[in-house]
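The following note is offered for consideration alongside the sequence and the coordinates. It takes up an internal cavity, then model confidence, then one buried side chain.

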Amino acid sequence: MTTTFARRFGLALGASILAGSLISGAVAKDLTVTTWTATSPGLKDWWKVIEEKFEKANPGVDVKIENIAFGDYIRTLTTRFVAGGAPSIVHVPLPTINLPAWAEAGFLMGVDDRIAGTDIASKWPANQAAMSWKGANYGVLLVHYGYVFFVNEKMFRDAGIAIPTNRNELLAAAKALTKDGKYGFAITDDNTVNFMRDALEFVSGLGGQWAKDGAWNFTDPTVVEAIDLWRDIGQNYAPRGTDINAKRQAFYDGNVAMMIENPSVWPNVAAAAKPGVVGDLHLATMPFKVVPGDVSHGLSIPQEADAETAKLAWAFTEMAASPDLMRSYVELVKSPVARPGVDEALMKDRDTVVIAKSAENAQVLVPNEYYGVRKNYAAFSTELTNALRSVLQGQAPTKEALAALQERLVAKGITP
């Protein structure tokens, strides 16, 4: 279903250096952008801002924001690519794992020549590599982030203990706060990739490397220690069978003292938490020596785009990545962005400051240079999820399960 935002937002975003203003004389041209976020809090307003501004800079161009449910997004776009019916601009979710297949199939246009000479080339973080494949850029990264530590401060005050700042304190707090039908921590306990990602947050947080020098490294003591910590907390101090939504709701309801989540969850707290609980919910510094992070999304141009559409699509991409629009994103979504130096809005509040600082030195769960994992992510994630499920549900030593995982990955020809 395609939604054109008819109501315009007259937000004054200040002076612009937008490439969109360079496109003149465009007449009766639709520019369709596919996304899964057209109705998401914060993001829906940001799309309205960029639609308004781009159309004003390019008379005759009609921007159409097309929403596709996240669960159907990759399949739907892939089908459209194959059929030759791609949109003008593709909003790419989790590009570390989703972009390689589209780039490999020739569905996306290379943009190295367009990036060259812009400040994207000079200012963007190393995680721009998530939008690249085999040495070529296929889009521009908009958002990357560090995970943040959600805490119920009242539960800590009532128990007379401090917010944990390291792994030992985290385990002790989880144990102390699991009582009277409430839990110290919440994990994602289902069969989706969110289950696997929760565990990898512990590995990255404790400084573990599950691949090293081109080989699997799951049996490294630091990796095993991290999975053991996750296992102990998950088995003993967290509710069981919680998918990602149930996990979050348990925290919103005041039934869980701690969880680790991406910062986009923070704006939902005010709306989803119980009225008597919401004031107790805050963000704190991650209790790990490394902040685990991830790459969120970016914009790409389909290879099939004609010259005029490609020119407009790139102008739209540059506008989205401009200081004005990136600052607007921070203000509306309360999230860090790829462009440095535009996060002033996050520095005004004790909780959003945590979001800003978490993004500064975060280490991604799946490093962009793990090309084998990125190319074979479905097979890799299935094997890792199965191994972690056996760890959480069983009694065998963690190291044995991880050693068996390595053997299966090697047997199937899956390399880091």
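1. Helix α3 contributes the most to the lining of the largest cavity, with three residues. Both α3 (95–104) and β13 (292–300) supply at least two lining residues each. Helices (H or I, at least four residues) and strands (E, at least two) are DSSP runs, numbered from the N terminus.

2. This is a predicted model: local features need pLDDT of at least 70, side-chain atom pairs count only at pLDDT 80 or more, and totals for chains, interfaces and linings use all residues. Residues are numbered from 1 along each chain as its sequence is written, and side-chain values use heavy atoms, with hydrogens and water left out.

3. The structure holds one cavity of 30 Å³ or more (on a 1 Å grid over the protein atoms alone, a set of points where a 1.4 Å probe fits but cannot get out; lining residues have an atom within 4 Å of a point). The volume of the largest cavity, as the space filled by probe spheres set on the points, is about 50 Å³. Its lining consists of Leu94, Pro95, Thr96, Ile97, Arg197, Asp294, Val295 and Val366.

4. Confidence is given as pLDDT, from 0 to 100 for each residue. The chain averages 92, and 93% of the residues score at least 70. Over residues 1–27, however, pLDDT stays under 50.

5. Glu383 lies in helix α16 (residues 377–393). Glu383 is buried (under 20% relative accessible area, 1.4 Å probe, protein chains only), at 7%. A polar contact (N or O atoms within 3.5 Å, one able to donate a hydrogen and the other to accept it) of 2.5 Å joins the side chains of Glu383 and Lys412.

Technical notes. 1 Å grid on protein atoms, 1.4 Å probe; cavity = no way out; pocket = protein on both sides within 12 Å on 5 of 7 lines; lining within 4 Å. pLDDT = per-residue confidence, 0-100. Contact = heavy atoms within 4.5 Å. Buried < 20%, exposed > 50% of the residue type's maximum accessible area, 1.4 Å probe, protein only.
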